[in-house]
Amino acid sequence: LVNQWLAEGDKNEPIKLELDKAIEVIELIEKTLELDGLYPWSWSTLKSSLEHLSKKCQNEEDRGMVWVVIKENMNLSRLKADGRLSDDPDGGSGRSARSIALDVAIDSPALILVRENGDKNSGWKDTPFWWPILVNPENMEAVVFAEVTI
């Protein structure tokens, strides 16, 4: 899917997509990403948050839309120098995906998709994977969120 999106434009530029396409790629990532219980994570929370931010945005024309920022070919070490797990998949040189996402996530949210190469020498399982990051829109109403697990 990401390659199809990239074929339509410059891969260094953000892409504005329908919410359902962004959710579809998140669901595909969910099937492949192994978190090994190291991070408290809820895929349903990510999808629900993205849906809420997209459908409730203040600009009516942007409702149901999501900015997608793609950063490929990352070689982040799984562990930081102090031994803690890496928590910034957008590291590296050049203009960060985060800064691009913040530039465009004015009325609708942005989804950053980072493709980590996953090299064993960097502490990964020697397979590439996608790492999703949600960026809230600048113009959003305050919201209180709670997740209940039973």
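Q: How many aromatic pairs does a search of the whole structure find?
A: This is a predicted model. A pair of aromatic rings is described by the distance of the centres and the angle of the planes. Searching the whole structure turns up four aromatic pairs. One of them joins Trp41 and Trp43. Their ring centres are 5.5 Å apart and their planes stand at 80 degrees, so this pair is edge-to-face.

Q: Are Trp43 and Phe129 buried or exposed?
A: Trp43 is buried, because its relative accessible area is 11% and the cut-off for buried is under 20%. Phe129 is buried too, with a relative accessible area of 13%.

Q: And what of Trp41?
A: Trp41 has 41% relative accessibility, so it counts as partly exposed.

Q: What kind of pair do the rings of Phe129 and Trp131 make?
A: Their centres lie 6.2 Å apart, with planes at 35 degrees, so the pair is tilted. Trp131 is buried, with a relative accessible area of 16%.

Q: Which residues form one aromatic cluster with Phe129?
A: Trp124 and Trp131 join Phe129 in one aromatic cluster.

Q: Now for pockets. What volume does the largest pocket have?
A: Rolling a probe the size of a water molecule over the atoms shows where empty space is left. Here the largest pocket has a volume of about 600 Å³.

Q: Which residues lie nearest the centre of the largest pocket?
A: The lining has 24 residues. Nearest the centre are Leu33, Glu34, Leu35, Trp124 and Phe129. Two of these names should be familiar: Trp124 and Phe129 belong to the aromatic cluster.

Q: Which element gives the largest share of that lining?
A: Strand β4, residues 129-135, gives the largest share, with four residues.

Q: What is the lining like by class?
A: It has 13 nonpolar, four polar and seven charged residues.

Q: Which residues touch the most other members of the largest nonpolar core?
A: In soluble globular proteins, nonpolar side chains tend to be buried together. In this model the largest nonpolar core holds 37 residues. Trp5, Ile112 and Leu113 touch the most other members.

Q: Which elements give two or more residues to this core?
A: The helices are α1 (2-7), α2 (19-32), α3 (43-55) and α4 (97-104). The strands are β1 (15-18), β2, β3 (110-116) and β4.

Q: What does Leu113 touch, leaving out residues up to four places away in sequence?
A: Its contacts include Val2, Trp5, Val25 and Ile29. Val68, Val69, Ile70 and Lys71 are also on the list. So are Trp130, Trp131 and Pro132.

Q: Lys71 is a charged residue. Is Lys71 buried or exposed?
A: Lys71 is buried, with a relative accessible area of 12%. It sits in strand β2, residues 65-74. Its C-alpha atom is 9.9 Å from that of Glu13, and the two are 58 residues apart along the chain.

Q: Where is Lys47, and is it buried or exposed?
A: Lys47 is in helix α3. It is buried, at a relative accessible area of 18%. Beyond its neighbours within four places in sequence, Lys47 contacts Ile23, Ile26, Glu27 and Glu30.

Q: How should I read phi, and what is the value for Asn73?
A: Most residues other than glycine have a negative phi, and most peptide bonds are trans. Asn73 has a positive phi, near 60 degrees. Asn73 is in strand β2. At 55% relative accessibility, it counts as exposed.

Q: What phi does Asp126 have?
A: Asp126 is not a glycine, yet its phi is positive, about 65 degrees. It lies in the loop between β3 and β4. Asp126 counts as exposed, at 52% relative accessibility.

Q: Finally, helix α2. Are Lys31 and Thr32 buried or exposed?
A: Lys31 is exposed, with a relative accessible area of 71%. Thr32 is exposed as well, at 58%. Helix α2 holds Lys31 and Thr32.

Q: How far apart in space are Lys31 and Asn136?
A: From C-alpha to C-alpha, Lys31 and Asn136 are 24 Å apart, with their positions 105 residues apart in sequence. Thr32 and Arg95 are 28 Å apart in space, C-alpha to C-alpha, and 63 residues apart in sequence.

Key. Residues are numbered from 1 along each chain as its sequence is written. This is a predicted model: local features need pLDDT of at least 70, side-chain atom pairs count only at pLDDT 80 or more; totals for chains, interfaces and linings use all residues. Side-chain values use heavy atoms; hydrogens and water are left out. On a 1 Å grid over the protein atoms alone, a cavity is a set of points where a 1.4 Å probe fits but cannot get out, and a pocket is an open set with protein on both sides within 12 Å along at least five of seven lines; lining residues have an atom within 4 Å of a point. Grid points are joined across faces, edges and corners, and a volume is the space filled by probe spheres set on the points. Rings of Phe, Tyr and Trp (its six-membered ring) pair if their centres lie within 6.5 Å; planes under 30 degrees apart count as stacked, over 60 as edge-to-face and the rest as tilted. Buried means under 20% relative accessible area, exposed over 50%, partly exposed in between (1.4 Å probe, protein chains only). A nonpolar core is a set of buried Ala, Val, Leu, Ile, Met, Phe, Trp, Tyr and Cys residues joined through side-chain atoms within 4.5 Å. Contact means heavy atoms within 4.5 Å.
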